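Please open the structure in a viewer and keep the sequence beside it. This tour proposes one selection after another and states what is found at each stop.

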Amino acid sequence: MTRTPPTTPAPSPLWRWRRNPLRRRSDVVEAWIVLATWILVLLGGVLAGAAAAQATDASFAARRTQVHSVSAVLTDDAAQAPPAASGLENGRVWAAVRWTDQHGATHTGQAKVFAGAPAGTRVTVWTDRGGRLVSAPVRGAEATLQTVLTGALVAPPAAAAVWAAGWAVRTRLMRRRLAEWDAEWKQVGPEWRNYSGGRG
């Protein structure tokens with residue numbers, strides 16, 4: 001009959017919270033630091049991401065109030081294809097356009113239009129308060145996507161910064177604890193060697 005060796009129970013992760021003669025004040029402080037760090041990591045990441053997303057959304061909304069759409073006419077035929085075909089061009093090319101502002105003044109400029117559009121085609125362009133051509137404001141699903149992505153990109157670094165701060169505090173506490181243990185051993189060590197016959 002074989003005897004099974006006794007198993008040593010794994011230490012509980014909550015041992016610092018339980019009363020026991022080996023627990024020191026620094027153990028309780030470390031437990032609170034770990035708990036506070038993880039709570040702040042979660043809250044800090046969520047709040048930073050939400051704040052960044054809100055700021056991005058507010059920026060998009062502010063820009064939408066500063067520009068307005070104008071109906072313009074192509075003065076020349078648009079090129080048949082973008083000079084360097086890429087997904088970023090979205091099938092559009094630069095072309096000369098003419099439009100009339102709200103005061104009746106005529107303006108000309110360059111705007112992005114669909115490739116191959118003939119002269120005389122009506123297109124929508126965007127102008128600022130000074131009557132200058134600007135890019136179209138971000139809106140709809142694109143604005144939502146960029147807002148969400150901004151929040152998602154900001155949240156991890158913010159959480160990592162909080163975690164690093166907590167880790168630095170915990171490391172300092174551990175160094176202080178090791179220094180205290182070293183000082184205590186210098187006092188207890190000689191007595192321990194006497195009790196152990198000089199073998200300790």
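The tour begins with the whole chain and then visits its parts in turn.

**The whole chain**

Display the chain as a cartoon, and bear in mind that this is a predicted model. Two helices and five strands make up its secondary structure. Followed along the sequence, these elements appear in the pattern α-β-β-β-β-β-α. Of the 200 residues, 24% count as buried.

**The sheet**

Next, select the five strands together. They form an open sheet in the order 3-2-1-4-5, with antiparallel pairing. Which strands stand at the edges? They are strand 3 (106-114) and strand 5; each has a single partner strand, so one side of each lacks a neighbour in the sheet.

**Strand 2 and strand 3**

Select strand 2 (residues 92-100) and add strand 3. Nine bridges join these two antiparallel strands. Show the side chain of Trp 94, whose bridge partner in strand 3 is Lys 112. Strand 2 and strand 3 form a hairpin with five residues between them. In its turn, select Gly 104, which has a positive phi of about 90°.

A further stop here is the pair Arg 92 and Phe 114. Arg 92 lies over the face of Phe 114, at 4.0 Å from the ring centre.

**Strand 1, between its neighbours**

Now select strand 1 (residues 67-74). On one side, three bridges join strand 1 to strand 2, and the two run antiparallel. Within this pairing, Leu 74 has Val 97 of strand 2 as its bridge partner. Strand 1 is also joined to strand 4, by seven bridges, again in the antiparallel sense. There, Ser 69 stands opposite Trp 126 of strand 4.

**Strand 4 and strand 5**

Keep Trp 126 visible and select strand 4 (residues 122-128). Is this strand largely enclosed or largely open? Five of its seven residues are buried, so strand 4 is largely enclosed by the rest of the structure.

Add strand 5 (residues 133-134), which pairs with strand 4 over two antiparallel bridges. Trp 126 has a bridge partner here as well, namely Val 134 in strand 5. The hairpin of strand 4 and strand 5 has four residues between the strands, and Gly 131 in this hairpin takes a positive phi near 85°.

While the strands are on display, one general point may help in viewing them. In a regular strand, side chains alternate between the two faces of the sheet.

**A nonpolar patch on the surface**

Switch to a surface view and select Trp 32, Leu 35, Ile 39, Leu 43 and Leu 47. These residues form a nonpolar patch on the surface, with about 510 Å² of accessible area together. Leu 35 is placed in helix 1 (residues 25-66). This residue counts as partly exposed because its relative accessibility is 36%, and partly exposed covers values from 20% to 50%.

**The aromatic pair**

For the last stop, select helix 2 (residues 140-195) and show Trp 163 and Trp 167. A pair of aromatic rings is described by the distance of the centres and the angle of the planes. The structure holds one aromatic pair. Trp 163 and Trp 167 form this pair, which is stacked, with 6.5 Å from centre to centre and 20° between the planes. What separates the two residues along helix 2? They are four residues apart, so the separation is about one helical turn. Trp 163 is partly exposed, with a relative accessible area of 40%.

Notes:
Residues are numbered from 1 along each chain as its sequence is written. This is a predicted model: local features need pLDDT of at least 70, side-chain atom pairs count only at pLDDT 80 or more; totals for chains, interfaces and linings use all residues. Side-chain values use heavy atoms; hydrogens and water are left out. Buried means under 20% relative accessible area, exposed over 50%, partly exposed in between (1.4 Å probe, protein chains only). Two strands pair if DSSP finds at least two bridges between them. Patches are made of residues with over 30% relative accessible area and no salt bridge: like charges are joined within 9 Å, nonpolar side chains (Val, Leu, Ile, Met, Phe, Trp, Tyr) within 5 Å. Accessible areas come from the Shrake-Rupley method with a 1.4 Å probe; for residues, only the protein chains shown count as cover. A salt bridge is a side-chain nitrogen of Lys or Arg within 4 Å of a carboxyl oxygen of Asp or Glu. Rings of Phe, Tyr and Trp (its six-membered ring) pair if their centres lie within 6.5 Å; planes under 30 degrees apart count as stacked, over 60 as edge-to-face and the rest as tilted. A charge sits over a ring if NZ of Lys or CZ of Arg is within 6 Å of the ring centre and within 35 degrees of the ring normal.
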